[in-house]
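Colleague: Could you take me closely through a single part of this model, one strand and the sheet around it, and describe how it is placed?

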Amino acid sequence: MGGAASSFRSNSKPVEEEVIERRPPLTLAEEVLGSAEAIKRVQDAVEEVPPGESNRWATLLMVVNRDYPPTEEEPDPLRLDINLKELKVVLKATYDNISSAASDGIVLMREHYPRLYQDHDATKAKRVSQKERNEKKMSEDMWAYGELNNEVFATIYEKVSKAYGVRKSSKFYDLGCGVGQLVYTAAFIGDFSECNGIEMITPLLEAGERKTKHWNKIKSKFPENMRKLKMNWFCDDFIKFDEWVEATFILLHWTALNNEQTRIVSNKMEYCDEGTIVVAFTHPVQNPNFELLIHDSCRVSWGEAEFFVQIKNSPPKPRRRQDKSSSEGMF
């Protein structure tokens, strides 16, 4: 065969892999809102990073923009690359696009709430409130009686929770709860470990507290989280009372508070946890650590009222021992 080297040259060309041109990432809110897949991505992120997470906005944005590598099944996965301003536009639009509440809790509320409050009369409650105020010489406007319809509150809660998320097993406080309608509404519609009502007018608070017996009779039919839920009732002035700062969701009735009273309550908010959500009527919490998410309006017993949804973006200020002599309590 001889020692000469021989060579072999192939005439075949290498196989070129097919290159799939990727879609550009979505960078604008209007692009995200035009894509059901993108909206789902944002909603999943809101659930994954609930309020209360440290540095939540940055983390939420990172999860929304998380890159998913191409696969054989999905060679061109959707990409998002939006900034925080655009993300907040998307969340606000999510809130705006929900017109009514629809959940398992709402179904239970609509079945059982009428039985809890079948004998309730707002006009009578107002008279009872006025009688107590006269007897105790509580002449300040802050004690004036008013009501927010439970269906209206349920819709507000649904819109806020779907758009901005809620903590699991958190604590609800209704500051100025009257006869407690919204304490029970929160128990039906939210994933709370506690629902608490604070009211200074004793007959009103007692009317709400008495209904706990009926709640305890029917709760065996409810989901486990509702069966374990605790209800607490406090006959106190929430301006002086301090325990509500442990709340993670606050309904704040302070339409008739004066400027000094509003300042005291706003200052107390410093001691709330990061991620605490407040729904305040007539004017927002005057605290720089609370970011305004929503400015909206709804029907209440005295007409149309503005309300403000805010979220706390800072850790709680350390609490000191309570000073009973101070109108600002332990603070």
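Modeller: In this predicted model, the part I would choose is strand β5, which spans residues 277–281 and is mostly covered, with 5 of its 5 residues buried. In a regular strand the side chains alternate between the two faces of the sheet, and for β5 both faces turn out to be covered, since Ile-277, Val-279 and Phe-281 are buried on one side while Val-278 and Ala-280 are buried on the other.

Along one edge, β5 is joined by 4 bridges to strand β4, residues 249–252, and these two strands run parallel; within this pairing, Ala-280 in β5 has Leu-252 standing opposite.

Seen in the wider setting, β5 belongs to an open sheet of 7 strands, arranged in the order β3-β2-β1-β4-β5-β7-β6, with mixed pairing. The strands at the edges are β3 (230–234) and β6 (290–300), and because each has a single partner strand, one side of each is left without a neighbour in the sheet. From one strand to the next, the twist averages 15°.

At the β3 end of that order, the partner is β2, residues 192–198, which is connected to β3 through 5 bridges, the two strands again running parallel; here Glu-194 has Lys-230, in β3, as its bridge partner. To return to the strand you asked me to follow, β5 lies between β4 and β7 in the sheet order, and its buried residues include Val-279 on one side and Val-278 on the other.

Terms used. Residues are numbered from 1 along each chain as its sequence is written. This is a predicted model: local features need pLDDT of at least 70, side-chain atom pairs count only at pLDDT 80 or more; totals for chains, interfaces and linings use all residues. Side-chain values use heavy atoms; hydrogens and water are left out. Buried means under 20% relative accessible area, exposed over 50%, partly exposed in between (1.4 Å probe, protein chains only). Two strands pair if DSSP finds at least two bridges between them. Axes are lines fitted to C-alpha atoms, for helices over the stretch in contact, and angles run from 0 to 180 degrees between N-to-C directions.
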